[in-house]
Amino acid sequence: MDKRKIQKSHKNFICIGCGKDTWNEYYMLYGRIWRRANPREKGMLCISCVEEKLGRKLTKKDFTKAPVNIASALRTAILKNRLSRS
Ligand SMILES: [Zn+2]
C-alpha cells in the first residue's frame, strides 16, 4: 500500500466522538450495543468514547466473533484489555 492510500483509509477511522485515529482500535460490537453507543450507526468510535456513551466498560461478550476481533494484530492496549475482559 502506498502512503496516500494509507492516509486516505485512515480518514475513515477517525473517532467521531473525540477525533482520535482508531486505525489500531478497529473492532466489531454486536449491533444492539453499537446502536446504543452510536444511534447514527455510521462512523467509528474509539473504545473510550463507546464506554462513555454506554456508561460502562466493554467486556468480551460485547464483541462479535468477527475475524477482526480474533485475528487482528493491530490493537491498542485498551482494545486488547476489553477483548479479554469478562
Ligand atoms: Zn473517541
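The legends below describe close-up views of a predicted model.

**View 1. The overall fold is built from five helices and zero strands.**
From the N terminus on, the elements of the predicted protein follow the order α-α-α-α-α. Of its 86 residues, 36% count as buried. Among the contacts that join residues at least 6 apart in sequence, 52% link residues at least 24 apart. The views that follow go from the zinc site to the largest pocket, and then to single residues in the loops.

**View 2. The zinc ion is held by Cys15, Cys18, Cys46 and Cys49.**
Each of these cysteines coordinates the zinc ion through its SG atom, at 2.3 Å. The angles subtended by the four donor atoms around the ion run from 103 to 116 degrees, which makes the arrangement tetrahedral. Along the sequence, the donor residues follow the spacing C-x2-C-x27-C-x2-C. Cys15 sits in the loop between helix H1 (3-11) and helix H2 (31-37), whereas Cys46 sits in the loop between H2 and helix H3 (47-54), so this pair ties together parts of the protein that are 31 residues apart in sequence. Both Cys15 and Cys46 are buried.

**View 3. Helix H3 turns a set of buried residues towards H2 and helix H5 (77-83).**
Which residues of H3 are buried? They are Ile47, Cys49, Val50, Glu51 and Leu54, and among them Cys49 is also one of the zinc donors, through its SG atom. An α-helix has 3.6 residues a turn, so residues three or four places apart point the same way. The buried residues of H3 pack against H2 and H5. After H3 comes Gly55, whose phi is positive, near 75 degrees.

**View 4. The largest pocket encloses about 200 Å³ of space.**
Its lining is formed by Tyr26, Tyr27, Met28, Leu29, Trp34, Glu41, Gly43, Met44 and Leu45. What classes of residue make up this lining? Seven of the lining residues are nonpolar, one is polar and one is charged. With Gly counted among the polar residues and Glu among the charged ones, the polar position in the lining is Gly43 and the charged position is Glu41.

**View 5. Glu41 combines a place in the pocket lining with a positive phi.**
Glu41 is located in the loop between H2 and H3, and its phi is near 70 degrees, a positive value in a residue other than glycine. Most residues other than glycine have a negative phi. At 42% relative accessibility, Glu41 counts as partly exposed.

**View 6. Tyr27, another residue of the pocket lining, is buried at 5% relative accessibility.**
Tyr27 belongs to the loop between H1 and H2. Which residues does Tyr27 contact, leaving aside its neighbours within four places in sequence? Its partners are Trp34, Leu45, Cys46, Ile47, Val50, Phe63, Val68, Asn69 and Leu79. Among these partners of Tyr27, Trp34 and Leu45 also line the largest pocket, Cys46 is a donor to the zinc ion, and Ile47 and Val50 are buried residues of H3. The C-alpha atoms of Tyr27 and Pro67, which are 40 residues apart along the chain, are separated by 9.2 Å.

**View 7. Thr59 and Ala66 both lie in the loop between H3 and helix H4 (67-71).**
Thr59 is buried, with a relative accessible area of 17%. Not counting residues up to four places away in sequence, Thr59 touches Arg82, Arg85 and Ser86. Ala66 is buried as well, with a relative accessible area of 18%. Between the C-alpha atoms of Ala66 and Leu29 there are 9.0 Å, although these residues are 37 apart along the chain; Leu29 is also one of the residues lining the largest pocket.

**View 8. Leu74 occupies the loop between H4 and H5.**
Is Leu74 buried or partly exposed? At 43% relative accessibility, Leu74 counts as partly exposed. Leaving aside its neighbours within four places in sequence, Leu74 is in contact with Trp23 and Asn24. Leu74 and Glu25 are 49 residues apart in sequence, and their C-alpha atoms are 7.3 Å apart in space.

Definitions and conventions. Residues are numbered from 1 along each chain as its sequence is written. This is a predicted model: local features need pLDDT of at least 70, side-chain atom pairs count only at pLDDT 80 or more; totals for chains, interfaces and linings use all residues. Side-chain values use heavy atoms; hydrogens and water are left out. On a 1 Å grid over the protein atoms alone, a cavity is a set of points where a 1.4 Å probe fits but cannot get out, and a pocket is an open set with protein on both sides within 12 Å along at least five of seven lines; lining residues have an atom within 4 Å of a point. Grid points are joined across faces, edges and corners, and a volume is the space filled by probe spheres set on the points. Donors are N, O and S atoms within 2.8 Å of the metal (3.2 Å for Na, K and Ca); water is not among the atoms, so sites may look incomplete. Four donors count as tetrahedral if all angles lie between 85 and 135 degrees; four count as square planar and six as octahedral if opposite donors are over 155 degrees apart and all others between 65 and 115; anything else is irregular. Helices (H or I, at least four residues) and strands (E, at least two) are DSSP runs, numbered from the N terminus. Buried means under 20% relative accessible area, exposed over 50%, partly exposed in between (1.4 Å probe, protein chains only). Contact means heavy atoms within 4.5 Å.
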